[in-house]
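Let's take a walk through a protein model together, starting with a single pair of residues and working outwards. Keep the picture open as you read.

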Amino acid sequence: MYNRCKRFSIFLFMMLMIILTFTGCWDSREILDYNILTGSGFDLADDPEQIYITLQVANITQQESSSNEPSTGDNNQFVIFNAVSDTILKGISEININNNHKLMFHHNQIRLFGIDLAKHGVKKYLDMLLRDQQARLEVPFAVVDGRAEDLLSVKLPTEPISGLFLGSMFEDLAKTSMHYKVRLIDFINRILDEGAAPVMPIIKLTDAEEDKKEVIMTGMAVFNDDKMIGQLTLDETLGYIWSLGNVNTCHLEVSDEFGKSILNIIDLSCKRKVTPLDDEKVEVNLSVDAVFTVGELQGFTDMKNDELIKHLDKLAQEQIKETINNAFIAAKNLEADIFGFCTAIHQYYPKKWDKMKDHWNEIFVDIDFNVETKVSISGTGQLVQSLEMEEKME
Amino acid sequence: MRIDKSKISGTRFMFSIAFYLHSSALLTSFLSGITKQESWIPIIMGVILCIPLVYMYRTIMVMFPDKNLFQVFEEVYGVVLGKIISVFYVCYFLTLSALNVTDFGDFIKNIGMVETPHMVFTICCVLVAVWAVRNGLKVVTRYSSAFAFIEFIIVGFTLILVINQINFNNFLPLFTQPLMKYIQSTHIITMIPFGELVVFLMFTPCVEKMTPKQTTKYWYKGLAMGAIVLLVVVLRDISILGNAIHLFTLPGLVTLRLVQMGNVLNRMEIIFAIAVMMLLVFKVTLLIYITTIAIAQLFNTTQYKYLALIIGVFVIFYSPTLYSNAIEHVTYARTIEPIIWTLFQIIFPLLTIILAKIRNLSEKNKSPVSIQEV
């Protein structure tokens, strides 16, 4: 009897201990005590050694109440916090001190750099983004043509919180090609590769009046180490993306004097072969293999079906070749190896690379660059031939 | 004299070895900082070096199937010298337990509970461990086979999750680093964790009678199962993180953070966290059990149950004194630790075998059923 009593009291004591100690109370926080970050932006401050931090925080309490009350449309669904500081964490703690909620970084959708900061160099600010437990490596990066603050504080017509908009925008682009979405780890990998030039998508706000502004992507920002040195246009970006292969859904516009057609890229793969000819000369062969369907046709009324397919085939090949070549020329003008050819040499010919790495930029500029294309058109959509062709034949 | 009366089967012994090695998948940053994207090379070399090492442990087990390591020492070196060596080993076991307890605390701090004091995690972990130890080896190793399977499944599953991001070019270039780096990291991987298998010699008498052939089989199967997981984990991390792998303290965690399969299967690092916690609690339990048995053996007592809690408390307070931060830990693990460990994991066992052979002490020479060869 005594034994059972003793056992029972020990059991009770242990239960109590478990209840008291296993709750993890130090780190426990209610969700409403958090400011959930949806986007962060970094601009150059007036003093070039300092940065201007903009944090976009979703306004949870607002959204909660708006489900009951009719929305006035005027409500702010997000709040913007600003700080000027020489390090990111100092700025963030400044914001935290002057605030009743703590910032939570887990759900940050996008990180933006203002174009001035990008030109000034971003490497020293990446440390915190890598080190902090809450900061995540898969968050996409982008450069803003203008100030990141403006983009984060704008209210877009389709999605009031621009951070969420940008997050899903890059998510969609990543379905076309994963190289549109530049994550922190991709950027770091490029920086660590000697000779390779990191890239980041560049976006800007249209010059419309307030509340009608939209976000457009204007190309890719090209970096040398961590400093932005130039930018690719949208067409050149397309060439860059194609040259990396693994493109799924994308459009290709071909036209000549007979007509115009939009082809859907179903699958585009690109094999690259980088061969150093000697210590000064490198040859690059890209072989693109693409599968298309016909998306839209205008004109081509004089051609028969099989002729047309062959004709489109030829046009598509030329178009791909030209687009990729244009991207290469743009990279050459910037003296930036955005394609990562140097990585290929470093990986497959490490001994040659040791001799080349000191003057890689000169070697890159006169690379022998060849593109071969193989195209097949696998379908014509719901139509066999276009309306215009039908009329002509009759 | 047998301290712990419980017996475990050979299969369970094998899974315990495998599981013990799995738990070191957390510590790959010791390697990745040195050999970077080629860290899988030292692992393979380590496994090859381990084959004679494990044969050595297996030989001790076969020569003295009814004695634990300390009894073997007393038999081979005599009581006084044997006890002195045993004291060193007790220090080694204690340090090993304390290191793993600290790893456990650091890990949880690293994955999210930043503000909670270190002590809370270590106390929770050690309490569970002590509870298991008091119930004997059977309880300590009971879940090893189930957990080893779970670990296999988790590693396989995570491999599928990251399959869309794997880039095989990340393994290149090969053999570009100075030879010394390969030697250093091979030494590290051979000592931590493969050499640590020496702790399993402490419970030889608790394993059911095995023929030498079976002993060999269980040791090597356990080693193979553990090494495969270790290798796969490192290969996975390299193929995902590429040239940035040396930046991170927990490459496995970072890799799983990158998982993105649609909008549903992402942020899967919690799987890794669960696996690691399971592994580390098991490892700590096993090590505290071994320390307890070792101390009981040192003082010739069978009342090890009363010792367990004291040792647990000692480990809790010993662990924060080992090093003050993660950088110190990594530096220590890369430079001093493997060299000190060599003493306990290679030199003493080897010396013991040689002396035992010279003095012809093998137990089976005395027993009438000595047909099988060593």
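**From one residue pair to two chains**

Start at A:Ser255, which stands opposite A:Lys260 in strand E11 of chain A. Before going further, bear in mind that this is a predicted model.

That pair belongs to a bigger pairing: E10(A) and E11(A), the latter covering residues 259–276, run antiparallel and are joined over six bridges. If pairing is new to you, strands of a sheet are held to each other through backbone hydrogen bonds, and they can do this in a parallel or an antiparallel way.

Now zoom out a bit. What is the order of the strands in this open sheet? In chain A it goes E10-E11-E12-E13, four strands with mixed pairing. Strand E10 (250–255) and strand E13 (368–379) of chain A sit at the edges with a single partner strand each, so one side of each has no neighbour in the sheet. Don't expect the strands to line up perfectly, either: on average, neighbours in this sheet are turned by 40° against each other, ignoring direction.

Let's step across the sheet. From E11(A) we move to E12(A), and here 17 bridges hold the two strands together in the antiparallel sense. You can pick out one matched pair in this stretch: A:Lys271 has A:Ser287 in E12(A) as its bridge partner. How does the chain get from E11(A) to E12(A)? A hairpin does the job, using five residues.

The next step brings in the other kind of pairing. E12(A) and E13(A) run parallel, with 11 bridges joining them. Here, look for A:Phe292, whose bridge partner in E13(A) is A:Ile377.

The sheet has a helix lying over it too. Helix H11 of chain A (residues 341–348) lies across E11, E12 (282–299) and E13 of that chain, and the helix runs at about 35° to E11(A).

Chain A has another hairpin worth a visit. Strand E8 (residues 215–224) and strand E9 (residues 227–232) of chain A run antiparallel, joined by five bridges. A:Val222 is one residue to find here, with A:Gly230 in E9(A) as its bridge partner. There are two residues between the strands of this hairpin, and A:Asp225 takes a positive phi near 55°.

Time for some charges. A search of the whole structure turns up 18 salt bridges over all chains. One to look at is between A:Lys181 and A:Glu171, where the closest N and O atoms are 3.3 Å apart. A:Glu171 is in helix H7 (162–176) of chain A, while A:Lys181 is in the loop between that helix and helix H8 (184–192), with the two residues 10 apart along the chain.

Finally, let's see where the two chains meet. On the chain B side, 30 residues are in contact with 28 residues of chain A. Together the chains bury about 2,500 Å², with 53% of it on carbon and sulfur atoms. Which three residues supply more of chain B's buried area than any other three? They are B:Glu115, B:Arg257 and B:Arg267, which supply 24% of the area that chain B buries against chain A.

How many salt bridges cross this interface? The rule finds zero between chain B and chain A. There are, though, five residue pairs in polar contact between these chains. Helices H5 (79–111), H6 (118–134) and H11 (251–257) of chain B each supply at least two residues of the side touching chain A. The largest share, three residues, comes from H6(B). As for character, the residues on that side of chain B split into 14 nonpolar, 11 polar and five charged.

Key:
Residues are numbered from 1 along each chain as its sequence is written. Chains are lettered from A and ligands numbered from 1 in the order in which they are written. This is a predicted model: local features need pLDDT of at least 70, side-chain atom pairs count only at pLDDT 80 or more; totals for chains, interfaces and linings use all residues. Side-chain values use heavy atoms; hydrogens and water are left out. Contact means heavy atoms within 4.5 Å. Buried area is the accessible area (1.4 Å probe) that two parts lose on being put together, summed over both. A salt bridge is a side-chain nitrogen of Lys or Arg within 4 Å of a carboxyl oxygen of Asp or Glu. A polar contact is a pair of N or O atoms within 3.5 Å; within protein, one must be able to donate a hydrogen and the other to accept it, and residues adjacent in sequence count only if both atoms are side-chain atoms. Ala, Val, Leu, Ile, Met, Phe, Trp, Tyr, Cys and Pro count as nonpolar, Asp, Glu, Lys and Arg as charged, and the others, Gly among them, as polar. Two strands pair if DSSP finds at least two bridges between them. Axes are lines fitted to C-alpha atoms, for helices over the stretch in contact, and angles run from 0 to 180 degrees between N-to-C directions.
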